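Biologist: I am new to this structure and would like to go through it with you step by step. Could you show it to me before I begin to ask?

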Amino acid sequence: MILKKQSVNIVWLFLLILVIASNITLYRSSFGVNMLLENQNAVVIGSIIDLTIIAPILYLAWQRKLNWKAIITLIAGGLIAVRFIIPMEYLAPFEAVTWAGFLIEGALLLLEILLLVTLFKYLPQIIGRVKTSSLPLLFSFSQAVEEKAKKHPIIHVLCSEMLMFYYIFCTWKKKPQYGGNTFTLHRKSSLIAFQMMMIHAIVIETIGIHWWLHDKSFVLSIILLIINIYSVLFFLGDIQAVRLNPLQIESDRMYVSLGLMKRMEIKWTDIEEIIEDREILERKLSKNTIDFIARDFETVHPTVLLKLKYPLEATMFMGIKKKYDQAAIRVDESEKFKEILKQVMTKQ
């Protein structure tokens, strides 16, 4: 069934690329220009339909997402794409139609700005709520934001970035608080050493490739420099987030995260089965399984595999939400962790 869905998705993606590529070829190649000599306006109308109706439908089918905002954004994006793909000499009779795309995108941008203003308006209250919470910061901050501000993709992205910069600049004097109800995921792994190695590699690559590209393509060298600087900052923030947010067990649930990349809240009543069988744990994890396993230089396996009663939502990088049927977790104190899990599950 999964393979069938993947095959269908590939077909939708192929058709989407085919529609866009054929329209680019039509206006940006000598072969296509020769076809435009006859019935030019009809061809342009067909291209506008392709980019504003057909392409958005194919994209929505590929992504399996259907909401009014996505539809409006894609149509507006198609109108903007028309202005870049079709030369003005052919588009002139329909120029007024394409301006609608810029107007719609401008209106959506204004809405996004208003949402950000709302977030910053409530920021002092959000920070106050976080300071009084006993939850790990990664969870308390997100909960406080969702209570005060609307759930919106741009809010999730901004909050993710705020957390990253907080861990980069405001936590280096903080020490991890490990107690009886917390379990680390990284101390017996090479995760932090691996991340430090990545930072060094990025810095060396930036120095070498940036200067080499500088004379060949100034714009490309600047883009690469910005991406590399962001990557270094992300790794620095992620290291601190891993250190300061161990898995935390409460009376009715646990909060588990792996740095800034992923986090999940699992209630004991959400768990159908705790799998400890070594043979099962050493198998390759399925795509519907989220793993909280610290990266290591050697192959490692989870301590337990939690089979959930129904798909639970996890928060990924940039605030992206995804649902999973299982959670694979590896902690440093494995036996103690298993014992506590058994205790809390017997009480349910």
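Modeller: What follows is a short set of questions and answers on the fold, the cores and the salt bridges.

Modeller: This is a predicted model, in which local features need pLDDT of at least 70 and side-chain atom pairs count only at pLDDT 80 or more, while totals for chains, interfaces and linings use all residues. Residues are numbered from 1 along each chain as its sequence is written, and side-chain values use heavy atoms, with hydrogens and water left out.

Biologist: What percentage of the residues of the chain count as buried?

Modeller: The chain holds 12 helices and eight strands, where helices (H or I, at least four residues) and strands (E, at least two) are DSSP runs numbered from the N terminus. Buried means under 20% relative accessible area, exposed over 50%, and partly exposed in between, with a 1.4 Å probe and protein chains only. Of the 348 residues in the chain, the share that counts as buried is 39%.

Biologist: Which element supplies the largest share of the largest nonpolar core?

Modeller: A nonpolar core is a set of buried Ala, Val, Leu, Ile, Met, Phe, Trp, Tyr and Cys residues joined through side-chain atoms within 4.5 Å. The largest one has 30 residues, and Leu-247, Met-254 and Phe-337 are among those that touch the most other members. Elements that each supply at least two of its residues include strand 2 (247-249), strand 8 (321-329) and helix 12 (334-346). The largest share, six residues, comes from strand 7.

Biologist: How many residues are in the second, separate core?

Modeller: This second core stands apart from the largest one, and Leu-137, Leu-163, Ile-168 and Leu-260 are included in it. Its number of residues is 20.

Biologist: How many residues apart in sequence are the parts that Glu-276 and Lys-342 tie together?

Modeller: Glu-276 and Lys-342 form a salt bridge (a side-chain nitrogen of Lys or Arg within 4 Å of a carboxyl oxygen of Asp or Glu), with their closest N and O atoms 3.7 Å apart. Because Glu-276 lies in the loop between strand 5 (271-275) and helix 11 (278-281), whereas Lys-342 lies in helix 12, the pair ties together parts whose separation in sequence is 66 residues.

Biologist: Is Arg-278, the partner of Glu-282 in a salt bridge, buried or exposed?

Modeller: The closest N and O atoms of Glu-282 and Arg-278 are 2.9 Å apart. Glu-282 counts as partly exposed at 39% relative accessibility. Arg-278 has a relative accessible area of 65%, which means that this residue is exposed.
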